Amino acid sequence: MKRYNPQQIERKWQKVWEAKKTWKADIKKAKKPYYNLMMFPYPSAEGLHVGNVYAFTGSDIHGRFRRMQGFNVFEPMGFDSFGIHSENFAIKKGTHPKTQTAKNISNFRKQLKAMGALFDWSREVVTSEPDYYKWTQWLFLQLYKMGLAYKAKAPVDWCPSCKTVLADEQVIDGKCERCGTEVIQKELEQWFFRITKYADKLLKNLETIDWSERTKIAQRNWIGRSEGTLIDFKIQDTKYKIQVFTTRPDTLFGATYMVLAPEHNLVDQLKSQITNWQEVEAYRKEAKKKNEVERTEVAKEKTGVELKGVKAINPANQQEIPVWIADYVLASYGTGAIMAVPAHDQRDWEFAKIYNLPIIMVVCPHYPAKICPVMDEAYLGEGHLVASGQFDGMPNEKAKWEITKFVGGNRTAKYHLRDWLISRQRYWGPPIPIIYCDKCGTVPVPEKDLPVPLPNVKDFRPTGTDKSPLASVEKFVKTKCPKCKSPARRETDVSDTFLDSAWYFFRYPCTELKNKPFDKLTVKKWLPVDMYIGGQEHAVLHLLYTRFITMALKDAGFIEFEEPFKKFRAHGLITKEGAKMSKSKGNVVNPDEYFKQYGADTVRMYLMFIGPFSEGGDWSDKGIVGISRFLNRVWTLVQSSSKSQSSKNELEALRQKTIKKVTEDLENLRYNTAISALMEYLNAINNQQSTVNKKDIETLLILLSPFAPYIAEELWRELGHNDSVHNQLWPKYNPKMIQEGKTRLVLQVNGKVRDIVEVVSGISEAEAKKLALVNPKIKKWLEGKTPKKLIFVPGRLVNVVV
Ligand SMILES: [Zn+2]
Ligand SMILES: [Zn+2]
């Protein structure tokens with residue numbers, strides 16, 4: 001008997017599949033296109049992480065399942081090879097990113113091929129190649145033409161370690177998403193994409209797409225729509241007014257002071273009126289030194305300075321109220337000014353307590369009380385209005401819009417979402433295709449001149465200034481203005497990595513195109529993507545950007561849909577002994593070692609068995625042995641059973657049930673329970689060894705093939721088939737057969753067995769009792785007596801007591 005040698009059979013089938021281009025999708029002719037996409041990896045390490053193998057296996061099983069259901073599955077793979085991740089790895093290694101990236105990619109590719117996935121290598125995408133980034137630059141130009149790309153001076157987040165600015169989405173709890181360093185604020189001129197223009201659509205469309213709920217929630221929170229009112233407060237004896245945005249216009253009568261961000265323009269405009277200017281100026285200087293996180297920290301002691309000589313008028317009751325500056329109000333959020341209602345806002349409450357400002361309750365929880373005592377902290381709940389003139393007694397929700405009307409406020413929505421900052425002061429990215437001319441100003445590079453090649457420079461390290469290393473490459477910087485031909489300078493920032501990955505799925509089916517990034521008809525045929533699987537950590541980065549870019553491309557007329565992914569499923573994380581894997585903890589699982597020891601089939605299956613795919617699980621070296629044993633038993637079964645086949649099929653009901661279970665589990669990415677069902681099925685077959693039926697073994701191999709493609713193929717051929725197991729249609733089950741599984745029912749009279757009959761398994765109590773009473777043997781033992789009671793034990797017996 002041959003032994004199971006995974007390394008040998010995996011190498012063999014890899015070669016066959018590669019030579020025959022078995023997984024190549026026919027992009028032009030496919031009748032039932034199915035685009036199965038997974039998040040392509042950053043080749044920012046020498047090899048694949050086990051987390052990559054986990055994600056890709058789960059996605060590949062889905063692709064294989066759909067393929068066997070008769071779809072023309074396109075499952076491409078590529079490399080997100082530009083960007084800080086890859087550049088930092090090269091810096092660490094002391095090599096050039098170009099050399100390092102090429103090296104990493106070739107190793108990744110080798111490992112990915114070993115995985116036994118459906119990857120169509122004829123359509124690989126590498127984002128750092130000129131034939132790809134040419135189109136990333138083209139995309140920038142389209143957005144520029146549409147007015148969606150603009151340059152502006154703004155306070156931006158800067159990572160002192162990565163030495164570049166970051167987008168809002170890349171700052172997590174005040175730290176750099178990539179390296180964990182605390183970010184600082186800088187005032188810089190940067191390129192932005194106007195993603196906020198799509199805020200409403202990005203929010204509303206979430207209702208129409210089939211995505212993991214937790215991913216949708218993360219996007220909803222990030223977009224952060226809040227409904228409120230814009231209200232103007234006049235500044236007494238001036239032409240100026242302060243505009244505020246508030247979500248609580250119902251509390252307007254309780255606004256007892258106002259606060260401007262220290263940077264607010266009005267402060268300068270009111271200079272002549274302010275009597276304590278020196279104090280104000282000193283405070284503004286101090287505020288500049290703090291970053292947003294420090295300024296908005298909840299626990300922080302609030303500070304501020306009153307603008308003496310300035311009074312605002314509360315438009316609800318025409319009362320004069322003081323105006324302050326305080327650093328807990330940020331210039332970049334809302335209008336940079338607030339109406340302070342200390343009775344109903346905790347930060348205003350704390351500020352009012354420190355500076356002895358009046359606190360007036362206007363929303364009262366003790367209806368119908370007319371006066372409401374001030375509480376020990378801000379009251380944030382519902383209630384009825386008090387101290388609010390004609391609105392007294394009104395429920396506060398209703399009062400929001402009544403008071404808005406009363407003061408002529410403008411009901412509107414605000415979003416947390418900011419524009420996408422896309423310039424980076426780094427080397428390893430696509431240069432932003434813009435030229436600056438003294439005469440013509442900002443001039444986009446003509447499309448025919450793309451790509452703007454990234455020059456091959458020795459010193460690519462970040463400078464730590466607000467300039468990219470490209471700024472010191474004279475040959476790159478100096479150019480001619482495309483409009484007037486006079487000497488001009490190139491933009492020297494490169495674009496954010498997330499722009500490279502925001503459109504790659506358009507390129508995959510169109511990689512052969514030289515004169516355009518993608519083709520409208522091909523895209524129409526294959527997109528939107530049918531299934532996208534990836535990490536939840538990209539919920540508001542990559543996944544939000546792809547949606548925005550798709551919407552913009554639709555508005556520009558290049559495509560006909562506005563959502564890129566019909567279905568998105570977030571997978572879980574793999575831990576090792578309960579801890580997150582990290583090099584510093586020394587608990588990183590290197591998939592290569594396990595491929596070598598157990599074979600890719602075992603690694604694939606073990607990863608899927610470890611826990612629900614949406615939740616992940618904990619890797620243990622003991623656990624993988626169990627799966628290895630299972631595949632060895634499958635192997636042995638086929639070796640030993642081929643001679644003793646029976647035509648009887650005693651396991652037909654279980655076979656049907658297993659097909660049903662595995663099919664439903666695969667539909668819902670419940671891979672771990674599907675594998676359990678296969679294990680039970682194998683046990684049952686093994687218990688029937690002497691009369692094992694060929695159909696049972698074939699079904700087992702077909703159901704196993706998406707999980708363990710190599711061994712399934714090898715054993716399938718061993719059964720005598722000339723075609724591939726992967727070309728079989730997914731088996732259908734007969735629901736009737738499942739219900740009609742047979743079981744034995746014992747019939748007793750007064751506890752003594754009088755007959756055993758075969759019945760449908762899962763027979764109901766009523767049916768079983770009826771059956772007992774009409775049974776001739778039971779009738780005989782009853783001797784015409786009326787039964788006192790019938791006892792039913794489900795699936796086992798009926799006892800007739802007389
Ligand atoms: Zn960083
Ligand atoms: Zn010019």
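# Two zinc sites, two cores

Cysteine 179 has 28% relative accessibility and counts as partly exposed. Here buried means under 20% relative accessible area and exposed means over 50%, with partly exposed in between, using a 1.4 Å probe and protein chains only.

This is a predicted model: local features need pLDDT of at least 70, side-chain atom pairs count only at pLDDT 80 or more, and totals for chains, interfaces and linings use all residues. Residues are numbered from 1 along each chain as its sequence is written, chains are lettered from A and ligands numbered from 1 in the order in which they are written, and side-chain values use heavy atoms, with hydrogens and water left out.

## Zinc sites

Cysteine 179 is one of the donors to the zinc ion (ligand 1). The others are Cys159, Cys162 and Cys176, each through SG, and the coordination distances are 2.2 to 2.4 Å. Donors are N, O and S atoms within 2.8 Å of the metal (3.2 Å for Na, K and Ca); water is not among the atoms, so sites may look incomplete. Angles among the four donor atoms run from 101 to 118°, and the site is tetrahedral. Four donors earn that label if all angles lie between 85 and 135 degrees. The ideal tetrahedral angle at a metal is 109.5 degrees. Along the sequence, the donors of ligand 1 are spaced C-x2-C-x13-C-x2-C.

Which residues hold the zinc ion (ligand 2)? Cys437, Cys440, Cys481 and Cys484 coordinate this zinc through SG, at 2.2 to 2.4 Å. The site is tetrahedral, with donor angles of 104 to 113°. Its donors follow the spacing C-x2-C-x40-C-x2-C. Cysteine 440 lies in the loop between β22 (434–437) and β23 (441–444), and cysteine 484 in the loop between β24 (478–480) and β25 (487–490), so this pair ties together parts that are 44 residues apart in sequence. Helices (H or I, at least four residues) and strands (E, at least two) are DSSP runs, numbered from the N terminus.

## Nonpolar cores

The largest nonpolar core has 96 residues. A core is a set of buried Ala, Val, Leu, Ile, Met, Phe, Trp, Tyr and Cys residues joined through side-chain atoms within 4.5 Å. Trp420, Phe506 and Ile549 touch the most other members. Leaving out residues up to four places away in sequence, the contacts of tryptophan 420 include Trp191, Phe192, Phe193, Phe498, Tyr545 and Phe548. Asp496 is also among them. Contact means heavy atoms within 4.5 Å. A second, separate core has 85 residues, including Met605, Ile697, Leu701 and Trp730.

## Aromatic pairs and charges over rings

How many aromatic pairs does a search of the whole structure find? It finds 51. Rings of Phe, Tyr and Trp (its six-membered ring) pair if their centres lie within 6.5 Å; planes under 30 degrees apart are stacked, over 60 edge-to-face, and the rest tilted.

Tyrosine 54 and phenylalanine 613 form a tilted pair, 5.2 Å centre to centre with 50° between the planes. Tyrosine 54 lies in helix α2 (residues 50–68) and phenylalanine 613 in the loop between α19 (600–609) and β31 (616–619), so the pair ties together parts that are 559 residues apart in sequence.

Tryptophan 324 and phenylalanine 351 pair edge-to-face, at 5.3 Å centre to centre and 85° between the planes. Tryptophan 324 is in strand β15 (residues 320–326) and phenylalanine 351 in helix α11 (residues 346–355), 27 residues apart.

Charges also sit over rings. The charged end of arginine 64 lies over the ring of tryptophan 23, 4.8 Å from its centre. Arginine 411 places its charged end over the ring of tryptophan 401, 3.7 Å from the centre. The test requires NZ of Lys or CZ of Arg within 6 Å of the ring centre and within 35 degrees of the ring normal.

## Two serines

Serine 628 is in helix α20 (residues 621–641). Beyond four places in sequence, serine 628 touches Tyr598 and Thr602. Serine 388 sits in the loop between β18 (384–385) and α12 (396–406). With the same sequence exclusion, serine 388 touches Phe253 and Val362. Serine 388 and aspartate 250 are 138 residues apart in sequence and 9.0 Å apart in space, C-alpha to C-alpha.

## Accessibility

| Residue | Relative accessibility | Class |
|---|---|---|
| Cysteine 176 | 4% | buried |
| Cysteine 440 | 28% | partly exposed |
| Cysteine 484 | 31% | partly exposed |
| Tyrosine 54 | 1% | buried |
| Phenylalanine 613 | 3% | buried |
| Tryptophan 324 | 6% | buried |
| Phenylalanine 351 | 0% | buried |
| Serine 388 | 0% | buried |
| Serine 628 | 14% | buried |

Definitions and conventions: Four donors count as tetrahedral if all angles lie between 85 and 135 degrees; four count as square planar and six as octahedral if opposite donors are over 155 degrees apart and all others between 65 and 115; anything else is irregular.
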